[in-house]
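Please look through the sequence and the three-dimensional structure shown below before reading on. The paragraphs after it lead from the chain as a whole to some of its parts.

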Amino acid sequence: MGRIIIFTGKGGVGKTSVAAAHAIASADEGKKTLLASADMAHNLGDIFETEVGRHIKKVRENLFLLELDPDMLMKEEFPNVNKAITSLMGSSGAALGKDGNNFMIPGFENLFSLMKIKDIYESGEYDRIIVDCAPTGETLSLLKLPELLTWYMEKFFPVGKVMVRVLAPVSKVKYKVTLPTHQAMNEIEEMHGQMVLLQELLKNPEVCSVRLVCVPEKMVVEETKRNYMYLSLYDYQVDGVFINRILPEDTGSEFMNRWRDIQKKYIDELERVFVDVPVTKIPWYSKEVRGKEAIERLARDVLKTPNLFKINVQREKETYDVIDGGYCLSIRLPGAEADKVNVTVHDMDVDIKVNNYNRCIPLPNTLRGARVTDVYFQEDILRICLKVEERM
Ligand SMILES: Nc1ncnc2c1ncn2[C@@H]1O[C@H](COP(=O)(O)OP(=O)(O)OP(=O)(O)O)[C@@H](O)[C@H]1O
Ligand SMILES: [Mg+2]
């Protein structure tokens, strides 16, 4: 089975450098590796000091580079998905733009990069696909897209399991939805299937994991912790944290030694937060990480562990347990503050909102119409107790 590793973190912390070093370490193990950039501000070319484009380029034995171009992918490789989106736009006024082409979900076009990664994975051509992503916010928006779109399609159109779920007669009045034509429906149905498969792939911890890159500074540490929590909310597996730019023990300067002490404080904090996740420390080099030699050095210094690509499932998925009088839905949300989490149930979904991020989880049939009887945290696990009223 192939492997996909996604790198993300705050802007400028070293995501591309660490992703590139992983790609070199992987290729050196004799595994055919693709390093793909899903950051629109591509810079694999800079770092490898070569031209990289929209087509896969071999740069050394077992190592290939690709800069994903969502616009080109949309037009040339996924025209049907594009058509489906246009149908969605024409039919629903609720979530979709009516201004011609723009789907009102920011960064929506990047979905095509994910779809391309799925196609490359399924081709079986590469043993490992390493994805260098944009900074945190953009990547989170990207990673929640497949689920969000599936949810919209199920909510507003009679696709997939929605045959049973959608309230067709009600929908027009309630959601101001006009159902699309038969042919458009097929396209939407097809896209729905693709989104479900995409989610299955990206959320399968045996295949795909996310690695976080950070530096030991307050703002970055705070963002890294939140990122971990949001990724858990969306059910992604985080299996590595890389603390970059660590100063040496004795810098020889009082000024820098003070900074090193500050760094230590944040390194300790990160190690406390990520107790279950392997944490790797990367020194601050006196030169930029640029060119193959610099990346090789980074790979050699910190990534030469036999377990670097080992699949290490850290946690169970969302679970439902039977409790007295109902069910309990458990979701791991490391570091979440209880008073920032808001849980509501709307007939068919549990809606979990943490700060500005929310996730709607469709309820299984038996829990349709359930009400929340209790919400609490047990360590890092959010427990939502649900009860279905007895029907007479
Ligand atoms: N350990 C390190 N020591 C010295 N320089 C480093 C180190 N890690 C990264 N750099 C340098 O820091 C800069 C940013 O690194 P990089 O491009 O990998 O970050 P990024 O997180 O991908 O940035 P962006 O958010 O812009 O994509 C680069 O100039 C890189 O050479
Ligand atoms: Mg980068």
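What follows is a walk through a predicted model, beginning with the whole chain and then turning to the ligand, the helices and the strands.

The secondary structure of the protein chain comes to 12 helices and 15 strands. Of its 392 residues, 40% are buried. If we take the contacts in the protein chain between residues at least 6 apart in sequence, 70% of them join residues that are at least 24 apart.

A good place to begin is the ligand. There are 17 residues around ligand 1, and those that come nearest are G14, K15, T16, S17 and E288. Two elements give two or more residues to this shell, namely helix 1, which covers residues 15-28, and strand 7, which covers residues 238-246. Helix 1 gives the most, with 3 residues. Sorted by class, the shell around ligand 1 holds 6 nonpolar, 6 polar and 5 charged residues.

Helix 1 also packs against another helix. Its partner is helix 12, residues 292-302, and the two axes lie 8 Å apart at an angle of about 75°. Since angles from 65 to 115 degrees count as roughly perpendicular, helix 1 and helix 12 are therefore described as roughly perpendicular to each other. On the side of helix 1 the residues that meet the partner are S17, A20, A21, I24 and A25, while helix 12 brings I295, E296, L298 and A299. The residues of this contact divide into 7 nonpolar, 1 polar and 1 charged. Notice that S17 appears both in this contact and among the residues that come nearest to ligand 1.

A second pair of helices is arranged in another way. The axes of helix 10, residues 218-233, and helix 11, residues 254-273, come within 10 Å and cross at roughly 5°, which makes helix 10 roughly parallel to helix 11. In this contact K218, V221 and K225 of helix 10 meet Y266, E269, L270 and V273 of helix 11. By class, the contact has 4 nonpolar, no polar and 3 charged residues.

Is a residue such as V81 buried or exposed? V81 has its place in helix 4, residues 79-91, and it counts as buried because 21 C-beta neighbours lie inside 10 Å, where the cut-off for a buried residue is 20 or more. Leaving aside residues up to four places away in sequence, V81 touches M191 and Q194. The C-alpha atoms of V81 and H192 are separated by 9.5 Å, although these residues are 111 apart along the chain.

We can now turn to the strands. Strands of a sheet pair through backbone hydrogen bonds, either parallel or antiparallel. One open sheet here has 4 strands in the order 9-10-15-14, with antiparallel pairing. Strand 9, residues 319-323, and strand 14, residues 371-378, stand at the edges with a single partner strand each, so one side of each is left without a neighbour in the sheet. On average, neighbouring strands of this sheet are turned by 25° against each other, direction ignored. Strand 14 pairs with strand 15, residues 381-387, over 7 antiparallel bridges, and the bridge partner of D374 in strand 15 is C385.

Another antiparallel pair is formed by strand 11, residues 341-346, and strand 12, residues 349-354, which are joined by 6 bridges. Here T344 stands opposite D351 in strand 12. The hairpin of strand 11 and strand 12 has 2 residues between the strands, and D347 takes a positive phi near 40° in this hairpin.

How values were computed
Residues numbered from 1 in each chain as written. Chains lettered and ligands numbered in written order. Predicted model: local features only at pLDDT ≥ 70, side-chain atom pairs only at ≥ 80, totals over all residues. Near = placed C-beta within 6 Å. Nonpolar A, V, L, I, M, F, W, Y, C, P; charged D, E, K, R; others polar. Buried ≥ 20, exposed ≤ 12 C-beta atoms within 10 Å, placed from the backbone. Contact = placed C-beta atoms within 7 Å. Pairing = 2+ DSSP bridges. Axes fitted to C-alpha atoms, helices over the stretch in contact; angles between N-to-C directions. Parallel < 35°, antiparallel > 145°, perpendicular 65-115°, else oblique.
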